[in-house]
Each structure stands twice: as structure tokens, then as C-alpha cells.
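Reader: I would like to go through this model step by step, from its strands to its side-chain packing. Please end each answer on the value or name I ask for.

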Amino acid sequence: MSSSSAPSRANPLPRNMAISLGVLLIPIVAVVLVVQWLSGGPAAVDPSSAYESARAVDRFPVLQPQGLPTGWTVTRADVDHGNGGTATLRIGYVSPSGGSARIVESDVPVTSLLPDELGGVRPPVGDRTVGGRDWQIYSGRGKERALVWQQPKVTILVIGQMPDSELNALAASLHPAR
């Protein structure tokens with residue numbers, strides 16, 4: 001009597017599915033990365049609807065960059081309507097040197113806004129006059145620096161990881177919309 005005992009194989013289905021997914025995903029990821037690289041970086045967005053929304057809420061006077069040198073790209077623009085009727089406008093940028101920045105305008109109390117935007121509670125590390133306004137300087141997440149201008153109805157932050165000259169240029173460009 002002969003018994004045939006063939007070696008049992010584990011179910012190849014999960015392994016084959018993983019290989020198939022890898023074969024499909026690797027070229028897709030490669031194409032996305034190449035397209036981003038060829039397009040020169042992040043896609044530009046139009047901030048006009050975010051500015052219009054912030055003005056419509058009428059919680060604070062909205063400032064917009066005017067006369068900003070060429071080479072700045074808006075990459076994000078949104079308005080967050082918080083609890084208690086507060087509003088926060090955020091406009092993200094890539095600077096001419098490739099640094100990242102964001103302008104934050106809000107009527108959220110500064111005691112809540114600063115920790116949320118800077119990644120914790122920090123004391124100011126200095127002050128500076130830019131564009132006719134007196135700004136306090138804070139350190140942010142990682143190597144970010146923030147210029148903070150506080151007024152009774154609004155706090156404005158210009159936060160970035162870039163040379164001081166670019167951070168100052170962004171802050172100095174802020175004026176009421178015409």
C-alpha cells in the first residue's frame with residue numbers, strides 16, 4: 001500500500017494579491033512623483049474665495065498681501081469657522097527661495113491661537129517693526145519663526161521657515177483689501 005503524501009502549500013492567494021498590488025502601485029506612485037517634479041512643485045491655488053469668505057463673516061478686518069515680489073506661490077487658502085462664532089483665515093505660501101509660510105488671521109483668543117498654530121505655549125523671543133507694525137517674534141515648530149501682531153479684534157501671524165528677509169517681506173505686504 002502506498003500512501004501519497006504531497007507537501008501541503010500555504011494558500012498563495014494573499015501573496016499573489018500583494019505582488020499584484022505592488023506591481024500596480026509602484027508605477028502609479030512613480031508617475032505622480034515625476035509629474036510633481038516636472039510641474040515645479042506644489043500646485044498654486046486661488047485664495048480669492050477664502051478672502052471673500054473671511055470678509056463675509058465680518059469678524060475681523062482682513063489683510064491681504066499687496067505688492068509682494070514675484071516668486072511667491074499660494075498653496076493653501078481656507079477659512080475655519082470655529083466654535084462660538086470665531087473665524088480663522090489661513091493662506092499658505094511657498095517663497096521664492098522654496099521656504100514655506102502661512103498667514104493666519106483670526107479672532108480666536110490669542111491664548112488659544114498661538115499654542116494651536118505654533119505647536120505649544122512659548123514666550124516671545126523678541127520684537128521687530130515691519131511694515132509700520134510692531135510684531136512679536138516667536139519660535140514655532142521645528143525651525144519655524146513667527147511674527148505675531150495683536151490687535152483688539154484680530155491676531156495676525158506670519159509663520160515660516162525661510163530667510164528673515166522673506167518673512168519680513170510677507171508681513172510688510174499685508175494691507176486692507178482695496
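Reader: Which residue in the turn of the hairpin formed by β3 and β4 has a positive phi, and of about what value?

Author: A word of caution comes first, since this is a predicted model. Strands β3 and β4 run antiparallel and are joined by seven bridges. The hairpin that they form has five residues between the strands, and the residue in this turn with a positive phi is Gly98, at about 95°.

Reader: Where does Asp58 lie, and what is its phi?

Author: Asp58 is placed in the loop between α2 (48–57) and β1 (63–65), and its relative accessible area of 64% makes it exposed. Most residues other than glycine have a negative phi. Asp58, although not a glycine, departs from this with a positive phi of about 60°.

Reader: How wide an arc do the buried residues of α2 cover around the axis?

Author: The buried residues of this helix are Ala50, Tyr51 and Ala54, and they pack against β1, β2, β3 and β4. Ser49 and Ala56, on the other side of α2, are exposed. The three buried residues, Ala50, Tyr51 and Ala54, lie on the same side of α2 because the arc they cover is only 100°.

Reader: Is β4 largely enclosed by the rest of the structure or open, and how many of its residues are buried?

Author: Strand β4 is joined to β3 by seven bridges, and seven bridges also join β4 to β8, with the strands antiparallel in each pairing. On the β3 side Ala101 is the bridge partner of Tyr93, while on the β8 side Ile103 has Val158 as its bridge partner. Strand β4 is largely enclosed by the rest of the structure, because the number of its seven residues that are buried is six.

Reader: Which element gives the most residues to the largest nonpolar core, and how many does it give?

Author: The largest nonpolar core holds 28 residues, of which Leu89, Tyr93, Trp135 and Val158 touch the most other members. The elements that give two or more residues to this core include the helices α2 and α4 (164–172), as well as strands such as β3 (87–94) and β8 (155–161). The element that gives the most is β3, and its contribution is four residues.

Reader: What is the geometry of the aromatic pair formed by Trp72 and Tyr93?

Author: Trp72 and Tyr93 are both buried, and, leaving aside neighbours within four places in sequence, the contacts of Tyr93 include Tyr51, Trp72, Ala101 and Leu170. A pair of aromatic rings is described by the distance of the centres and the angle of the planes. For Trp72 and Tyr93 the centres are 6.0 Å apart and the planes are at 85°, so that under the rule that over 60 degrees counts as edge-to-face, the pair is edge-to-face.

Reader: Which residue has its charged end over the ring of Trp149, and at what distance from the centre?

Author: Trp149 belongs to strand β7 and pairs with Trp135 of strand β6, 14 residues apart along the chain. Both tryptophans are buried, and their pair is tilted, with 6.3 Å from centre to centre and 45° between the planes. The residue whose charged end sits over the ring of Trp149 is Arg133, and the distance to the ring centre is 4.8 Å.

Reader: Is Glu117 buried or exposed, and what is its relative accessible area?

Author: Glu117 is found in helix α3 (residues 110–118). Once residues up to four places away in sequence are left out, Glu117 touches Arg90, Arg102, Val104, Arg141, Leu157 and Ile159. Since the cut-off for buried is under 20%, Glu117 counts as buried, its relative accessible area being 4%.

Reader: What distance separates the C-alpha atoms of Ala146 and Leu167?

Author: Ala146, in strand β7, is buried with a relative accessible area of 1%. Beyond its neighbours within four places in sequence, Ala146 has contacts that include Leu118, Ile137, Val158 and Ile159. Leu167 is 21 residues away from Ala146 along the chain, and the separation of their C-alpha atoms is 8.5 Å.

How values were computed. Residues are numbered from 1 along each chain as its sequence is written. This is a predicted model: local features need pLDDT of at least 70, side-chain atom pairs count only at pLDDT 80 or more; totals for chains, interfaces and linings use all residues. Side-chain values use heavy atoms; hydrogens and water are left out. Buried means under 20% relative accessible area, exposed over 50%, partly exposed in between (1.4 Å probe, protein chains only). Contact means heavy atoms within 4.5 Å. A nonpolar core is a set of buried Ala, Val, Leu, Ile, Met, Phe, Trp, Tyr and Cys residues joined through side-chain atoms within 4.5 Å. Rings of Phe, Tyr and Trp (its six-membered ring) pair if their centres lie within 6.5 Å; planes under 30 degrees apart count as stacked, over 60 as edge-to-face and the rest as tilted. A charge sits over a ring if NZ of Lys or CZ of Arg is within 6 Å of the ring centre and within 35 degrees of the ring normal. The arc is that of the directions from the helix axis to the C-beta atoms. Two strands pair if DSSP finds at least two bridges between them.
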